[in-house]
Amino acid sequence: MTTETHWDVAPGERPTIPASEQEASSGFLVYTIGLLLAVILTVTSFWVANTSVIWAPGVPAGLAVLAIAQMGVHLVFFLHITTGPDSTNNVLALAFGVLIVFLVLAGSLVIMANLNENMMGHSELMNLQMPR
Amino acid sequence: MNVAVEMDAVRHGELLDISEAGPAPKRIIAGFGFWIFLLSDIVMFSALFAAYAVLAKASAGGLTGGQLFDQRNVAIETALLLLSSYSCGMMSLAINSQRYLATFLGAAVTFLLGSAFLALELNEFQGMIALGATPQRSAFLSAFFALVGSHGLHVTVGLAWLVLMMVQLSLRGFQDVVVRRLHCFSLFWHALDIIWVLIFTVVYLMGVLP
């Protein structure tokens with residue numbers, strides 16, 4: 001998809017370096033950097049979840065930030081979603097996907113938390129059923 | 001007026017006109033279509049995540065996440081899946097330069113790491129069920145098995161697909177069709193890793209917090 005960044009060159013035009021060699025060496029570097037970053041982020045999130053150094057109520061937020069960062073690393077280094085001109089459609093589709101995911105997650109959580117809060121307790125319910 | 005002309009010249013230098021470039025190659029169109037499928041799959045997972053997040057505390061007096069999850073096991077699973085994603089990347093580099101041996105090697109490593117992941121996950125499920133933590137025990141466990149189980153199902157499908165692609169590659173060689181399908185496979189495999197990142201964060205790390 002995006003490994004072929006120069007598909008829109010003029011016909012008959014050839015790069016001076018053979019495309020396969022050029023891609024192989026830079027591609028290897030990209031995947032290795034991605035792996036290193038992902039390992040660092042994973043180790044950090046396991047550490048954050050188990051340490052007592054960090055203020056406990058801040059841990060979930062920290063984990064969320066680390067997870068989002070790692071998803072970004074995967075998207076850029078493994079799936080090669082870049083801002084290049086031939087990747088515009090992919091980025092737009094991704095943005096729409098993220099919007100839907102956000103709506104589903106945030107919507108469900110807000111609605112269910114609200115319902116839970118407004119739900120009557122067990123004793124209150126008993127009082128309603130047996131008014132005196 | 002002058003500025004506009006200059007801007008136009010710059011744009012021409014960078015990129016051909018849409019009308020001159022012609023239609024995008026089939027490889028890019030196929031990749032885009034598969035990308036749309038992956039996004040719809042991620043939307044499906046977001047519904048499972050929402051269900052899990054709502055029901056995470058509804059353990060109905062049974063075993064909770066803190067008692068069931070083993071972080072060492074999860075760390076090994078994460079490492080296996082991450083490394084298999086890396087070897088899948090190495091495989092797609094080998095495909096780009098059309099090297100048979102490197103492609104088969106990358107596929108074999110990816111397959112072994114993926115099946116080791118699957119074996120560990122099934123082992124974990126078995127251990128949980130042996131403790132009485134079955135999907136029908138509580139809403140929390142239903143949501144857990146639905147979410148993690150459907151990720152495991154995706155991994156299983158991915159492994160079967162990989163075997164199929166290796167058979168096709170050995171029969172047909174690096175034909176355009178085969179190369180396109182292999183690229184779609186690597187997109188699928190990397191997307192599964194992205195979903196696993198969310199699973200280990202939301203289910204296994206946040207679920208254990210007091």
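In what order do the elements of chain A run from the N terminus on? Select chain A and follow the chain along: the order is α-α-α-α. That gives four helices and zero strands. Keep in mind as you look around that this is a predicted model.

**Stop 1: chain A as a whole**

Stay with chain A and colour its 132 residues by burial: buried ones make up 16%. Now turn on contacts between residues at least 6 apart in sequence; of these, 57% join residues at least 24 apart.

**Stop 2: where chain A touches chain B**

Next, bring chain B into view and select the contact between the two chains. You should pick up 40 residues from chain A and 41 residues from chain B. On the chain A side, go to α1 (19-50), α2 (59-78) and α3 (88-118), the elements that give two or more residues to the side touching chain B. Which of them gives the largest share? Click on α1(A), which supplies 13 residues. If you colour this side of chain A by residue class, you'll find 26 nonpolar residues, 11 polar ones and three charged ones. For the complex, the predictor gives an ipTM of 0.81 and a pTM of 0.83.

**Stop 3: a helix pair in chain B**

Hide chain A for a moment and select residues 26-55 of chain B, which form helix α3, together with residues 176-205 of chain B, which form helix α8. The axes of these two helices lie 10 Å apart, and the packing angle is about 20 degrees. Angles under 35 degrees count as roughly parallel, so α3(B) and α8(B) are roughly parallel to each other. Their crossing is right-handed.

Zoom in and show side chains. From α3(B), the residues making the contact include B:Phe34, B:Trp35, B:Leu38, B:Phe45 and B:Phe49. Facing them from α8(B) are residues including B:His183, B:Leu187, B:Phe188, B:Ile195 and B:Leu198. Sorted by class, the contact between α3(B) and α8(B) has 17 nonpolar, two polar and two charged residues. Among the contact residues, look for B:Arg27 on α3(B) and B:Arg180 on α8(B) too.

**Stop 4: how far to trust chain B**

Finally, colour chain B by pLDDT. The mean is 88, and 91% of the residues of chain B reach 70 or more. Where does pLDDT stay under 50 in chain B? Select residues 9-13 of chain B, for which the model has zero contacts beyond four places in sequence. Where pLDDT is low, the predicted coordinates should not be read in detail.

Terms used: Residues are numbered from 1 along each chain as its sequence is written. Chains are lettered from A and ligands numbered from 1 in the order in which they are written. This is a predicted model: local features need pLDDT of at least 70, side-chain atom pairs count only at pLDDT 80 or more; totals for chains, interfaces and linings use all residues. Two residues are in contact if their C-beta atoms, placed from the backbone, lie within 7 Å. Ala, Val, Leu, Ile, Met, Phe, Trp, Tyr, Cys and Pro count as nonpolar, Asp, Glu, Lys and Arg as charged, and the others, Gly among them, as polar. A residue is buried if 20 or more other C-beta atoms lie within 10 Å of its own, exposed if 12 or fewer, and partly exposed in between; C-beta atoms are placed from the backbone. pLDDT is the predictor's confidence in each residue, from 0 to 100. Axes are lines fitted to C-alpha atoms, for helices over the stretch in contact, and angles run from 0 to 180 degrees between N-to-C directions. Angles under 35 degrees count as roughly parallel, over 145 as roughly antiparallel, 65 to 115 as roughly perpendicular and the rest as oblique. A crossing is left-handed if the near helix is turned anticlockwise from the far one by less than a right angle, and right-handed if clockwise.
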